[in-house]
Amino acid sequence: MPYKDLHTAPFDEGTQTKLDVFENYLQEWLPVFLKSDWIKTIQIYDFFAGTGEDQTGCPGSPLRILNIINQYIDLLIQSKKKVKIILNEYDPDKFKNVKLCVNDKEIVKDNKEKLLVEFYNKDFQVIFHEKLSEISENPSLLSRHLSPSGNLNPLRKIFDSRQIILSMI
């Protein structure tokens with residue numbers, strides 16, 4: 001399957017739908033995690049963060065994550081919990097862009113003790129293997145999809161070697 005760069009034009013209808021589903025998923029689960037007594041840190045992973053938004057400024061998954069957290073910021077502040085967002089983007093230009101885009105947001109600047117953002121510029125297979133134990137050991141929400149291009153071949157090796165069930169949208 002040929003590679004499709006989702007950030008060279010406005011998001012298409014399929015991408016918008018995936019983003020909407022992910023946003024709804026996060027909106028439903030984040031407050032559940034925030035109200036759970038046994039959770040200390042909530043982890044949100046986006047292994048294909050892109051630039052943060054499309055060319056028209058439509059928010060991508062990193063900004064949608066921040067928008068949902070902002071809706072529950074009072075609950076987060078009142079809790080003893082932290083939210084850790086792990087954003088990975090392999091493309092160096094997109095990586096620089098998403099870092100600037102996210103770090104520029106007031107919610108990130110104003111809540112450094114409660115909202116931790118980690119940025120990685122690694123190949124998916126490398127970062128996924130590095131973070132797999134964290135994902136397994138802690139409450140984690142995974143991004144809207146694991147392969148934005150729809151190419152699952154690089155993932156088959158990982159999933160075939162582990163007993164993992166993930167919902168891919």
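**View 1. Strand E2 and its two neighbours.** In this predicted model, strand E2 covers residues 82-88, and 6 of its 7 residues are buried, so the strand is largely enclosed by the rest of the structure. E2 has E1 as a partner, paired in the parallel sense over 6 bridges. To find your way along that pairing, start from Ile42, whose bridge partner in E2 is Val83. Then look for Gln43, which stands opposite Lys84 in E2. E2 is also joined to strand E3 (residues 115-120), again by 6 bridges, and these two strands run parallel. Here a handy marker is Leu87, with Phe119 as its bridge partner in E3. While you look at the strands, keep in mind that side chains in a regular strand alternate between the two faces of the sheet.

**View 2. Strand E1 and its link to E4.** Now shift over to E1, where 5 of the 6 residues are buried, so this strand too is largely enclosed by the rest of the structure. Besides pairing with E2, E1 pairs with E4 in the parallel sense, over 3 bridges. Which residue of E4 is the bridge partner of Tyr45? That would be Leu142.

**View 3. A ring pair that links distant parts of the chain.** Searching the whole structure turns up 7 aromatic pairs. In one of them, Phe47 and Phe124 have ring centres 5.5 Å apart and planes at 85°, so the pair counts as edge-to-face, the label for planes over 60 degrees apart. Phe47 sits in the loop between strand E1 (41-46) and helix H2 (61-71), while Phe124 belongs to helix H6 (residues 124-137), so the pair brings together parts of the chain that are 77 residues apart. Are these two residues buried or exposed? Phe47 is buried, and Phe124 is as well. Zoom out a little and you can pick out one aromatic cluster, formed by Tyr45, Phe47, Phe48, Phe124 and Phe128.

**View 4. Two polar residues of helix H6.** Gln125 lies in helix H6, and its relative accessible area of 26% makes it partly exposed. Between Gln125 and Phe47 there are 9.6 Å in space, C-alpha to C-alpha, though the two are 78 residues apart in sequence. Lys131 lies in H6 as well. Why does Lys131 count as buried? Its relative accessible area is 6%, and buried means under 20%. If you leave aside the neighbours within four places in sequence, Lys131 is in contact with Tyr45, Ile86, Glu118 and Tyr120.

**View 5. Helix H1 from end to end.** Helix H1 takes in residues 13-35, which makes 23 residues. From its first C-alpha to its last it reaches 34 Å, close to the 33 Å expected at 1.5 Å a residue. At the N-terminal end you will find Asp12 acting as a cap, with a side-chain oxygen 3.2 Å from the backbone nitrogen of Gly14. Further along, look for the buried residues of H1: Thr15, Leu19, Phe22, Leu26, Leu30, Pro31, Phe33 and Leu34. An α-helix has 3.6 residues a turn, so residues three or four places apart point the same way. What do the buried residues of H1 pack against? They pack against E1, H2, helix H3 (73-78) and strand E4 (140-142).

**View 6. Helix H2, mostly tucked away.** In H2, 8 of the 11 residues are buried, so the helix is largely enclosed by the rest of the structure. The buried ones are Ser61, Pro62, Leu63, Arg64, Ile65, Leu66, Ile68 and Ile69. H2 is also one of the elements that the buried residues of H1 pack against.

**View 7. The whole chain, for orientation.** Step back and count: the protein chain has 7 helices and 4 strands. Follow it along the sequence and you will read the pattern α-β-α-α-β-α-α-β-α-β-α. Of the 169 residues in the chain, 45% are buried. Take the contacts with a separation of 6 or more: residues 24 or more positions apart account for 78% of them. As for the outside, the chain exposes about 9,300 Å², and carbon and sulfur atoms supply 50% of that area.

Definitions and conventions
Residues are numbered from 1 along each chain as its sequence is written. This is a predicted model: local features need pLDDT of at least 70, side-chain atom pairs count only at pLDDT 80 or more; totals for chains, interfaces and linings use all residues. Side-chain values use heavy atoms; hydrogens and water are left out. Rings of Phe, Tyr and Trp (its six-membered ring) pair if their centres lie within 6.5 Å; planes under 30 degrees apart count as stacked, over 60 as edge-to-face and the rest as tilted. Buried means under 20% relative accessible area, exposed over 50%, partly exposed in between (1.4 Å probe, protein chains only). The expected span of a helix is 1.5 Å times one less than its number of residues. Contact means heavy atoms within 4.5 Å. A polar contact is a pair of N or O atoms within 3.5 Å; within protein, one must be able to donate a hydrogen and the other to accept it, and residues adjacent in sequence count only if both atoms are side-chain atoms. Two strands pair if DSSP finds at least two bridges between them. Accessible areas come from the Shrake-Rupley method with a 1.4 Å probe; for residues, only the protein chains shown count as cover.
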